[in-house]
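Colleague: Could you take me through one helix pair in this model, slowly and in detail? I would also like to know where that pair sits in the wider layout.

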Amino acid sequence: MGKWTRRAFITAGSVVGGGLVLGVAEFAFAPKRLGMLPPAQPGASWVTAWLKITPDNVVTVVVPHCEMGQGVHTALTQMAADELDADWSRVRMEEAPAEDAFANAHVFRAFLPFEVPPMLGRGFDHLGYRMAQWVGLQVTGGSSSVRGTGQYGMRMAGAAARTMLIAAAAKRWNVPADQCDARASQVRHAASGRSASFGELAGDASTLSPPAHPVLKAREAHTIVGQSLPRYDIPSKVTGAATYGIDVALPGMLYAAVRAAPVFGGTLKSVDSAAVAAMPGVKQVVSLPDAVAVVADGWWRALKGVRALEPQFDEAGHGAVDSAALFAAQAQALDGGKLSKAGSAGDAAAALAKAAQVVEAEYRVPYLAHATMEPMNATARIADGRCEVWAGTQDPLSARKVAAQAAGLKPQDVTLHNLPLGGGFGRRLPGTFDYIAQAVQVAKAVAPAPVKLIWHREEDIQHDFYRAAYVARLKGGLDAAGRPDSWTAHFTGGSQMGAARPPYRIANLDLKTIDVAAHVREGSWRSVEFSQQGFFVESFIDELAHASKQDPVAYRLAALEGSPRHHAVLQRAAQLAGWGDALPAGQGRGVALVEAFGSIVAEVAQVEVSADGTIHVRRVTAVVDCGDLINPDIAAAQIEGGIVFGLSAALYGEITIDKGRVQQANFNDYRPVRLAEAPRVTVEFIRSGAPLGGLGEPGVPPIAPAVANAIHAITGRRLRELPLQRQLLKS
Amino acid sequence: MTVSFIVNGEPRSIEADADTPLLWVLREQLGLTGTKFGCGIAACGACTVHLDGAPVRSCSVPLSAVGGARITTIEGLAPKSGGDGALHAVQAAWVAQQVPQCGYCQSGMIMAVAALLAHNAAPTDAEIDAAITNICRCGTYERVRRAIRSLAPGAELRHG
């Protein structure tokens, strides 16, 4: 089954009452030998999967990823259940708790959401403890859950358990295992007509050794994978019953509102808290290094308290910085010539010198906030030398470390209850847990009372870790036939080098980058650097097509010879969107093609520009090759959502800096797309059978260039800066 | 001040500051956390509830304004006669169309749609656009529209 099986470990044992529990761990590179396992380090990716089968014939799949509406709980469970040949109606899902277990039987048992007997079954050895240690090192991000955990963890766990159940049945019936078959949570022996449920066999199976190399099903044999099964998390989300971090309620709980230094890097110099401390319901004013919090018996009273304070913050020397200066610094860095190589091919400079035509353009994109609908919040309690935290995060274990540090405790003395996220988009990733640190610091001040700290939307917009603002300078050299012969892109940023590489066949490439430090906090934003580079690359290839007086689709297709998957995606999108068909006056189409996170996405935007310059995106047609589909409806929802998320940024999204601080504060001046502005979206998938690609992010990058290209088709104006609506209205 | 009103059919009496937004009374004093805080300025609609049958943004309705009112939250939307697990037609359509993603905005979205359809069984697309101004960052609008259309078919479809 390829290299990965050699790096995967499977362990199995019994649970109380005679069931089977089975775990799979796989890591990105092979350890030298068992027991000398590689430490967790940046770039190393871990996948783990656990499932148990109990005598009541219920299969429980433990999913080590958080649910933020991307459907991962359902899709991953489908992958395990499919390989297991389970009856879907007898399959349950549990999210793994944030415990990293260590090589310690007690904590290991605590990690598992079910009982493991003191005398562990065979297989629950030292390796088992080590595996448990890795489970929580699982970040939900990078569109990786299905293609990592699902592909290498869930499927293997299901296949291994199925093999063991069949072996147990064969042993019990004294028949060859290859005469037995599993279907719908039953093992059958066709020749004798015997059958037994997984639950009946689980105890016997737990005494067997797990297979080292479980055989995965062929694609055609999938029964549960490939179906649009309803998501587990939806019923509770239509009744108000779903409990997000912000909904936690504890006895005696207090509430905190906070105000942090408006200029990033600033610290709290002084605050006169006497008047506020005397306000009704206010319990305490808590000074933090870079913020001040008010704790009260209700959040509204806490907020009123914070608003009444006049804290003095210093500006860490950044009080004069504005967006113009930040962009100027980036332009200067690009002028300075100290760029480092991000990719090259051929000799771009030489090719450019003899080009029949040269096209040059500079692009820029602004900072963006995530603006998750659930503002940052966390609830914390410090009592009896322990700390408990309730929050929604994309990485519970990293969040736990942050909490431990803020509490002055060891991570194992901290319990982090991870709850469903009211949006993530990269805002709840490691390195961005300032809200958790704040909640713990405040809880320390009011211990042992639990405290729920909620950011007002203004805090949320003004203290994000922003999608970075970048500048890119592109040069294209065309040959006599107008074909792209060289492509030069010098840009700021560059943490994801591959994002700047055009998917087209261009003989000479010169990609260079320079990272420009700013005091503004930066972080990952849904689709990471593809969000910037997708706009640069796909706008510029459109410019080249126009410079050579060719149709933008035909021009791209010609440059995609040798990339059959990209070619097929783009061709189908154009066909489905009716590319070239007549449109009403004032309307036009634009196209973009981006490969990101292993998936290839083409989007065609049908756009109208009214006489007053208002942009209306009427229709978006997306075609996606993500290899294969686990749950087609969830997949479509991710692309639909990615398009709207990207469209908000393309049309309106902009965080600007003045006097060192963010100028926008709420949804009135940081405007997302609403229903009236949402296009009709059609999504179609090409099931190429290529390795699985991600879906949470790849829908985002193509929409901004597709809309910008459509605006060019309508108005003849090439908008090289986002957001588009403001740029178009600029005369 | 003490204010009496009816929430999901139950009479309630609440003691709180007069300027306390209804949102925080519902969430903190009545434990009805299905109604969400999103912006605090009536811009996003995550806190939408029904006040005497009309959709309001509870983050911007002070306690002092709701004396004697009849309030319905997402927890009280489904008909009581349906028993446990019963859903309002809008909620059922939301499940059928698999609308929510993160789900945080959906209580407010569902309340806004339920109010719209209660007053206008066959809204035009323009009427839907005007009434449903709730923000969803996950981008579920395509399915929101589909779910509304599954409940109010026959009205015009907006196409480009």
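Modeller: Happy to; here is the helix pair, followed by its surroundings. Please keep in mind that this is a predicted model.

The pair is H14(A), residues 530–547, and H18(A), residues 703–715. Their axes come within 8 Å and cross at roughly 30°. Angles under 35 degrees count as roughly parallel, and therefore H14(A) and H18(A) are described as roughly parallel to each other. The crossing itself is right-handed.

Now for the residues. H14(A) brings Gly534(A), Phe535(A), Glu538(A), Ser539(A) and Asp542(A) to the contact, where they meet Ala704(A), Pro705(A), Ala708(A), Asn709(A) and His712(A) of H18(A). By class, that contact is mixed: four nonpolar, four polar and two charged residues.

As for the layout, chain A is divided into domain 1 (3–232), domain 2 (245–315 + 376–454) and domain 3 (323–367 + 466–729). The C-alpha centres of domain 2 and domain 3 of chain A lie 38 Å apart, and their contact takes ten residues from domain 2 and nine from domain 3. On the domain 2 side, five of these residues are nonpolar, four polar and one charged.

Chain A also touches chain B, through 55 residues of chain A and 47 of chain B. Among the elements of chain A that each supply at least two residues to this side are H8 (299–308), E24 (599–609) and E25 (615–625). H17(A) gives the most, with seven residues. Across that side of chain A, the residues divide into 27 nonpolar, 14 polar and 14 charged.

How values were computed: Residues numbered from 1 in each chain as written. Chains lettered and ligands numbered in written order. Predicted model: local features only at pLDDT ≥ 70, side-chain atom pairs only at ≥ 80, totals over all residues. Domains from an automatic or database assignment. Contact = placed C-beta atoms within 7 Å. Nonpolar A, V, L, I, M, F, W, Y, C, P; charged D, E, K, R; others polar. Helix = DSSP H or I, 4+ residues; strand = E, 2+ residues; numbered from the N terminus. Axes fitted to C-alpha atoms, helices over the stretch in contact; angles between N-to-C directions. Parallel < 35°, antiparallel > 145°, perpendicular 65-115°, else oblique. Left-handed = near helix turned anticlockwise from the far one by under 90°.
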